[in-house]
Each structure stands twice: as C-alpha cells, then as structure tokens.
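Trainee: Could you take me through one part of this protein up close? I'd like to hear how the helices there pack, and how far to trust what I'm looking at.

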Amino acid sequence: MDHEGEEIEIPSYFICPISLDIMKDPVIAVSGITYDRESIVKWLEKVSSCPVTKQPIPSDSDLTPNHTLRRLIQHWCVENATRGVVRIPTPRVPSGKLNVAEVIKNLKKFGDEALAKQDTLKNLEVLAMEGETNRRMMHEGAVHRSLILFVVKCTRKEEEEEAQRRIQVQLYESLRLLHLIGVPLHDARKILMENDQILDSLCWVLNQQNFLNKAYTVVLLRKLTENTSSHIVERLNPEILKGIIGFLKEVVSSFNRTNPNVSDTGQSSNPSVKNTVPSKLDYNLVIKQAVTATLMILLETSSWSRNRTTLADLGAVSQLIELEISSTGDKRATELVLGVLSRLCCCANGRAEILAHGGGLAIVTKRLLGVSIAADDRALSILSTVSKFSREKALVEEMVCVGTVEKLCTVLRVDSGLSLKEKAKEILRDRFDEWKKFPCVDVTMLTKLLSSSHEDLLAQFYSQVNV
C-alpha cells in the first residue's frame, strides 16, 4: 500500500525544543530536558542556561545520552520508512570516558614517554575541555601527578637548541593543562612532601620570560601550598618570592599599557607557543586567578618577620601599591593587597617603602570607607603603624595633603564600627599638635570629634541622615 504523500504525525517528544526537528542524538541536560546534542551544544556556546527551564547550565556540563528515546525514534523511523521517513543512524560515541581511560592507561604504562609524544598533551586538553566528568576521571587517574612530574623533567633537561624549543612547548602545554584540570586539595600536600624538586622547578619557571607560564605556575604553587605544612610556606625559597614579585610587576605593566593584547604579554619566542595562546577571555580569567593566587601567597608568607624583610627588600611594597593604583575594582584583590601591606608595615623597610612611594598613603586613604569593612580595618592598620613609627614632618604634611586627616574625621562621623573609630581617634590624637598647625585643618571640628563618645557621634550622624 502506498502511503507516500500522507501527512505523518510525529510524536512531540521526538522533537528537539531548539531545532524543532526530529532528534538524531537525544541527550539529557542537567536541567532534565532532552535536546538534540548538536543543537544544545551550539546553544550552550552562546547562552549558559536551559532554553526551556532557564536553569543555569555550564557550557562544559555533562550531556547524558537518552538511549531509550533514541531507540524509540529509530523504531518509529523504520515503521514509517514506506512513508519516506529515513532511519536515523546510531550516533557515534563522542570522545570521552573511553578515550580518557585509554590515556590514563598509557600514562601509567609509559609515564613521561607518553606525555612527550606529539599531540598527547593537546588531546588531553581537548578531553578535559569536554566536561567535568573527564576532569574528574583525570584526577582519579592521577593525571595531575604525571603532569607535575613531567614539568619537573622539562625544567631539568639541558638539550640542544631545537630540542629545547620542543621542551618549552611541552612545558607550556603541561602547565596550561594543569591549570585546566587543577590539583585535588587532598592530594596537594602529599605531592610536595613526596618530591622536593617540585618547588625548585616552579621557581625556575617563575624566573623565566614566558608570562603565561608564570601565571599558570603561581596558581599551581598556591594550590600546592594552600593546605601544606606552615613550615614549607615559611621557608619558601627567596628566589620563588622574587619570581612572584616579578610576575606582579609584569601584571602592573600590562595594566598600564593601552589596549594590551595576548601576543604582547605572551613573551614567547616560540611560534608553536604563540599559536596556542588562550583567547582574550581566557587570558583575563587566568591573569585574575594568578593575581589572586599571588596575593594569597604573599599574605601567608608575610606572617613571618623574616619574610617581611625579604619581601620589602625585593620591592613587594612598590608593586602592591602600583597594582592597587591600577586596580579594576576587584574587592577581594584590594582586601588582599591591603592585608599584605599591613603586615609589611610591621618592618622598618616596609614602612620606608610605603613612604618612599608617591602614591602609597594616597591609595590607602582612598580605599578607606570605599571597599569593605575588612579593607577599612586593614587600611587603618597601615595608617596607624606608619603614623606611630615614622615621625618625619614630611609624613604629617603628606597625610594632610592626600586627605588622610579628612578621611579619618569621616570615619568618626559616619556609622562605622567602634574598633574603626577607636583606631581613627588614636591616629588623630597622636598627631593632634601637628595637625592644628595646618590652616586647612578645622581644629574646632577635630577637637569636637576627638572629645565625643561613640554614642554621641552616632546620634549626630543619624540626626543628619534623617534631616
């Protein structure tokens, strides 16, 4: 019987909500809705939410094949073949678990030899980019450990120039892949304890020329030291600290350029490396993560007095001030910068560096009452320490000129915490006899603020607000 020309009723659940065509490779998104794989993958490249439920969906989230629905569609196609319906072939299994398992198997069998083979690292990156499941499998298979050991090997080799170029490409790809898959927190401490060459290798990378390699390395260093023994953090090689501060200097330099681009900041003479530099979006994300990691390392290492002196001598204070002056408004970064500066102020060299920098007191004053309570506390700690231990007349003049005195008075006038007000009062009282010599300072108002109680100041503030 000829059915050609008959209108065919297609079951609604065979239709992809995006393409409105019969699904060839139905997959279930994390939102629970089934889509055709090609359609949802393209959608998620532009929009990170479910088209039906509007639920957020990361672009790299897992898509689970809906085998039952696919078989129903295929069966329906066969039944309607006489009506001109073409059977949908069984889709090929996308690279994923099978490929990851095979790579892990080869790594365990051949170790560095497998990673040194052409395209192995690139293929691993492709698999890692496909989703969290693949990255989790890599963690379970200790791929991160193999990569770290491979990085150590790359930094130890002394080869001919041609071989050295190849090794530099492999080093870049290894660090990039490590950044992508990360290091599990539970494993980080053991890795450092088991191999004392790792820190030396990371130190070597931090003192080389490749900017992105240094960015990936400082994030890796933070991961490895985050939950490790305080003894390791306390006794970090000064060369590592030198490399970290050098990286910070390059970041500041890139911020100060007009329209910096990736090719400018990559700083690699190797054409292969240049071709694999991340997109602008990836680049900005990597640098932001690296800056945060740098500041966290500096905050932790500056807990010890010996390290404070070392960091001050290496120029950390100047670079931190420059970083904050060039700030793009990152609240967390500002809090960390002020935290490190407040600790470096505890040593004479650190205080001297803040005073020597033309914008030091000015940027600290500007951030006071402008970021967060944590930033306020750290800014006041810096001003208090500098004021208490530096008695130069020039300091008093600068604090008046850059508005520090006025800002401290504002702290007393607004609804800030009691501890902040007490710190501000202490600074103002300590130099009161010197402030009153300046015609721009309202001595009457300053005297009133210093003599008023916390409750009186609050009452005055709220009366002004209500008016």
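**Helix α19 and its surroundings**

Mentor: Let's start with trust, since this is a predicted model. Within the protein chain, confidence peaks in helix α19 (residues 331-344), at a mean of 97, and bottoms out in helix α14 (residues 262-266), at 39. So that you have the background: the chain averages a pLDDT of 86, and 88% of the residues score at least 70. The stretch to be wary of is residues 258-277, where pLDDT stays under 50. The model still has 34 contacts beyond four places in sequence for that stretch.

Now to α19 and its partner, helix α18 (residues 316-325). Their axes come within 10 Å and cross at roughly 155°. An angle over 145 counts as roughly antiparallel, and α18 and α19 are therefore roughly antiparallel to each other. Their crossing is left-handed. On the α18 side, Ala316, Val317, Leu320, Ile321, Leu323 and Glu324 make the contact, and they meet Ala333, Thr334, Val337, Val340, Leu341 and Leu344 of α19. Sorted by class, that contact has ten nonpolar, one polar and one charged residues.

For a contrast, look at helix α20 (residues 348-356) and helix α22 (residues 373-389). Here the axes come within 11 Å and cross at roughly 100°, so α20 and α22 are roughly perpendicular to each other. Arg351, Ile354 and Leu355 from α20 meet Ile382, Thr385, Val386 and Phe389 from α22. By class, this contact has five nonpolar, one polar and one charged residues.

Key. Residues numbered from 1 in each chain as written. Predicted model: local features only at pLDDT ≥ 70, side-chain atom pairs only at ≥ 80, totals over all residues. Heavy atoms only, no water. Axes fitted to C-alpha atoms, helices over the stretch in contact; angles between N-to-C directions. Helix = DSSP H or I, 4+ residues; strand = E, 2+ residues; numbered from the N terminus. Parallel < 35°, antiparallel > 145°, perpendicular 65-115°, else oblique. Contact = heavy atoms within 4.5 Å. Nonpolar A, V, L, I, M, F, W, Y, C, P; charged D, E, K, R; others polar. pLDDT = per-residue confidence, 0-100. Left-handed = near helix turned anticlockwise from the far one by under 90°.
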